[in-house]
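Work through the exercises below with the structure in view. Try each task before reading its solution.

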Amino acid sequence: MIRRTILRHAQVAKQRPVIQPSRAASIIHSPYRRTPSASLPPWLSLRYYSAAAPEAESTNDPAQPSPDAQAEEDPIKKELEAKNREIIDLKDRYLRSVAEFRNLQDRTKRDIQSARDFAIQKFATDLIESVDNLDRALTTVPASKLAPQSSDPDKPAEENTYNKDLANLYDGLKMTETILMGTLKKHGLERFDPSEGGGQPFNPNLHEATFQTKVEGKEDGHVFMTQQKGFTLNGRVLRAAKVGVVKNS
């Protein structure tokens, strides 16, 4: 029985592969030798085919710029960005200067035009008093003394009050007033009467109400009488007209 056991162990030993010591050492200590993975242990095949080596190679790629080269490019980029910002700032200042200059031109034109339009304002204010006196002189002459009466024997002689000299004087003053008002209108000074044309609605920008009263046949808030005529100089009210306003309610 002992003999059978010895023979069985001998047959098993013959069937096992024999690995030479030098070849086993080369397999274990040479990871760069390409050997089929089926004949290597699992831990050795994983070590041989790992991606650590390619990554190390990729980090040393000469095509990529080095950190020193990037550090050299940064100052140039910063300088370019600074110049761009400076250009934008200068352009903004230029546009603002142009806009301010145009605004100054417009203001200067308006000031010059205003000075031309209202240069005679003080003179016109003093002159309208003389115009008022001339208008009062014309309104004080009754109409009965300006036109000849019909020769009717039934009427008394006192009613025939026509005065030829007074009529001629009135006509001369009327012509003087017409010429004076035409001259003043050329320079922008105009006179207005709110009671003309049946009475205008009261306008606080043009009229000054001195009193209110009831008037038959007139609407409330309308001017029915002018105590003093108003004047405007180039559209600006130089003196408001003093008027009486209707108030029926």
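A residue is called buried when its relative accessible area is under 20%, exposed when over 50%, and partly exposed in between (1.4 Å probe, protein chains only). This is a predicted model, in which local features need pLDDT of at least 70, side-chain atom pairs count only at pLDDT 80 or more, and totals for chains, interfaces and linings use all residues. Residues are numbered from 1 along each chain as its sequence is written, and side-chain values use heavy atoms, with hydrogens and water left out.

**Exercise 1. Describe the protein as a whole.**

Step 1. Helices (H or I, at least four residues) and strands (E, at least two) are DSSP runs, numbered from the N terminus. The protein has seven helices and six strands.

Step 2. Read from the N terminus, the order of elements is α-α-α-α-α-α-α-β-β-β-β-β-β.

Step 3. Of the 249 residues, 17% are buried.

Step 4. Contact means heavy atoms within 4.5 Å. Among contacts with a separation of 6 or more, 59% are between residues 24 or more positions apart.

**Exercise 2. Check the lengths of helices α6 and α7 against their expected spans.**

Step 1. The expected span is 1.5 Å times one less than the number of residues.

Step 2. Helix α6 (residues 121–139) has 19 residues and should span 27 Å; its end C-alpha atoms are 27 Å apart, so the two agree.

Step 3. Helix α7 has 23 residues and an expected span of 33 Å, and the 34 Å between its end C-alpha atoms agrees with this.

Step 4. Look also for a bend, which is the angle at a residue between axes fitted to the seven residues ending there and the seven starting there. Helix α6 has a kink of about 25° centred on L127.

**Exercise 3. Determine how α6 and α7 are placed relative to each other.**

Step 1. Axes are lines fitted to C-alpha atoms, for helices over the stretch in contact, and angles run from 0 to 180 degrees between N-to-C directions. The axes of α6 and α7 come within 10 Å and cross at roughly 150°.

Step 2. Angles under 35 degrees count as roughly parallel, over 145 as roughly antiparallel, 65 to 115 as roughly perpendicular and the rest as oblique. The two helices are therefore roughly antiparallel.

Step 3. The residues making this contact include L127, V131 and D135 of α6, and Y170, E177 and M181 of α7.

**Exercise 4. Find what covers the buried residues of the two helices.**

Step 1. The buried residues of α6 include A124, I128, D132 and L138. They pack against α7 (164–186), β1 (189–192), β3 (223–228), β4 (230–233) and β5 (236–239).

Step 2. In α7, the buried residues are A167, Y170, E177, M181 and L184. Their cover includes α6, β1 and β4.

**Exercise 5. Which residues do D135, M181 and Q228 touch, leaving aside neighbours within four places in sequence?**

Step 1. D135 lies in helix α6 and is buried at a relative accessible area of 16%. D135 touches E177, R191 and K229.

Step 2. M181 belongs to helix α7 and, at 15% relative accessibility, counts as buried. The contacts of M181 are V131, R191 and F231. M181 and V131 are 50 residues apart along the chain, with 8.5 Å between their C-alpha atoms.

Step 3. Q228 sits in strand β3 and is buried, with a relative accessible area of 18%. Q228 is in contact with D132, R136, R239, A241 and K242.
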